[in-house]
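User: Can you walk me through this fold? I'd like the sheet to begin with, then the pocket.

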Amino acid sequence: MLDGLRAEVLEANLELVRRGLVVATFGNASAVSRQDGLCVIKPSGVPYDRMTAADMVITDLDGKIVKGSLKPSSDLATHVALYRAFPSIGGVVHTHSRHATAWAQSRREIPCFGTTHADYFHGPIPLTEPLAHGEIESEYEANTGVAIIRRMRGLDPMDCPACLVAGHAPFCWGKSVTDAAHMAVIVEEIAAMAWMTVTINPAIRPIAEVLRDKHHFRKHGPKAYYGQS
C-alpha cells in the first residue's frame, strides 16, 4: 500500500540526516496521497539508521492509523492540519536545524536581506505567535498546525513554503516530500546567512522591493525565465 510514497518519505527523512539538519531522532518528513486521502509519515523515535520504507506509517487526514505497526511521529497532527489547510502541498518536513531553530527560539522572522532569500521567498520567512497556555496543555501538535495556518493567512503556501514556530523550529513544505526536504536545506542556509548578516551589520535592512521582486519572479510565476524550458 503506497509503497512508492513510503520509499520517498524514507528517502526524504534520510536526506535530512545527510544534510546535517537533524540529530538523534529529531525531525520528521511526510507526504500526502491526495488521490487516496492518506498521509505517510516517519515513525516516532526510531533511529534513522534503522528505518525502512515498511516502517513508514500510513494514516488518514484525521491522523487515524490505516497501516503500520509503529506509532507515527508525534508531530502527525501538525502535518495533517497543514495538508487539510493547503491543498497545493504534497509534502511536509520539520527539523530542528541549528540556525533556523535559533531564529524561531529568538522569536524573530527571517528578513529578506538578499537575493538568495528572494529566490525562494517573496518576503520574510514568517513566524507564528507563541501558543497560549491552553493550546500547549491540550492538543499541542494540532494547535501548532493551527498557529502556522493562522500565520499563513493571506499568503500563498507555494510562494512562502516555510514557517517558523515561535520557541520551537521550522516547518517546510512543497509539491512533494522531496521538494519539502530540499526547502528545509534552503531555509537552514538562508537562516545561517541572515544570522551572519545581522552579526556583521546589526543595522541592516531588507533589500529593496524591486530587487526582491526581480529575483523572486524570474524563478516563480507566469513570467519566470530562470532555468531551462
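**Sheet and pocket**

Analyst: The model is predicted. Its open sheet has seven strands in the order E4-E3-E2-E1-E5-E7-E6, with antiparallel pairing.

User: Which strands stand at the edges?

Analyst: E4 and E6 (162–164) do. Each has a single partner strand, so one side of each is left without a neighbour in the sheet.

User: And what does the twist average from one strand to the next?

Analyst: The twist averages 25 degrees.

User: Let's go along it. How many bridges join E3 to E4?

Analyst: Two bridges, with E3 and E4 (residues 65–67) running antiparallel. Thr59 stands opposite Ile65 in E4.

User: What sits between those two strands in sequence?

Analyst: Four residues, and the two strands form a hairpin. Gly63 is in the turn and has a positive phi of about 90 degrees.

User: What about E2 and E3, how many bridges there?

Analyst: Four bridges, again in the antiparallel sense. E2 covers residues 38–41 and E3 covers residues 57–60. For a register check, Val40 stands opposite Ile58 in E3.

User: Now E5. Which strands does it pair with?

Analyst: E1 and E7. Four bridges join E1 (residues 28–33) to E5, running antiparallel. Another four join E5 to E7, also antiparallel.

User: Give me a residue pair for each. Where does Asn28 find its bridge partner in E5?

Analyst: At His94. On the E7 side, Gly91 stands opposite Gly174.

User: Which way do the E5 residues point, and are they buried or exposed?

Analyst: Gly91 and Val93 point one way, while Val92 and His94 point the other way. All of them are buried.

User: Switching to the pocket. What volume does the largest one have?

Analyst: About 310 Å³.

User: Which elements give two or more residues to its lining?

Analyst: Strand E7 (170–174) and helix H7 (177–200). H7 gives the most, with three residues.

User: Which residues line it? I want to set up a selection.

Analyst: Here is the list: Asp119, Tyr120, Met158, Pro161, Trp173, Gly174, Lys175, Asp179, His182, Met183, Lys219 and His220. Gly174 is thus in the lining, and Gly174 is also the residue opposite Gly91 of E5.

User: How does that lining divide into nonpolar, polar and charged?

Analyst: Five nonpolar, three polar and four charged. The charged ones are Asp119, Lys175, Asp179 and Lys219.

User: Last topic, backbone oddities. Which residues have a positive phi although they are not glycine?

Analyst: Leu2 has one, at about 50 degrees. Arg107 has one too, at about 55 degrees.

User: Where does Leu2 lie?

Analyst: In the segment before helix H1 (3–18).

User: And where is Arg107?

Analyst: In the loop between helix H3 (98–105) and helix H4 (115–118).

User: Is Arg107 buried or exposed?

Analyst: Exposed. The relative accessible area of Arg107 is 52%, and the cut-off for exposed is over 50%.

User: Good. Remind me which residues to look at in the sheet and the pocket.

Analyst: In the sheet, look at Val40 opposite Ile58, and Thr59 opposite Ile65. In the pocket, begin with the lining residues, including Trp173, Asp179 and His182.

Terms used. Residues numbered from 1 in each chain as written. Predicted model: local features only at pLDDT ≥ 70, side-chain atom pairs only at ≥ 80, totals over all residues. Heavy atoms only, no water. Pairing = 2+ DSSP bridges. 1 Å grid on protein atoms, 1.4 Å probe; cavity = no way out; pocket = protein on both sides within 12 Å on 5 of 7 lines; lining within 4 Å. Points joined across faces, edges and corners; volume = space filled by probe spheres on them. Buried < 20%, exposed > 50% of the residue type's maximum accessible area, 1.4 Å probe, protein only. Axes fitted to C-alpha atoms, helices over the stretch in contact; angles between N-to-C directions.
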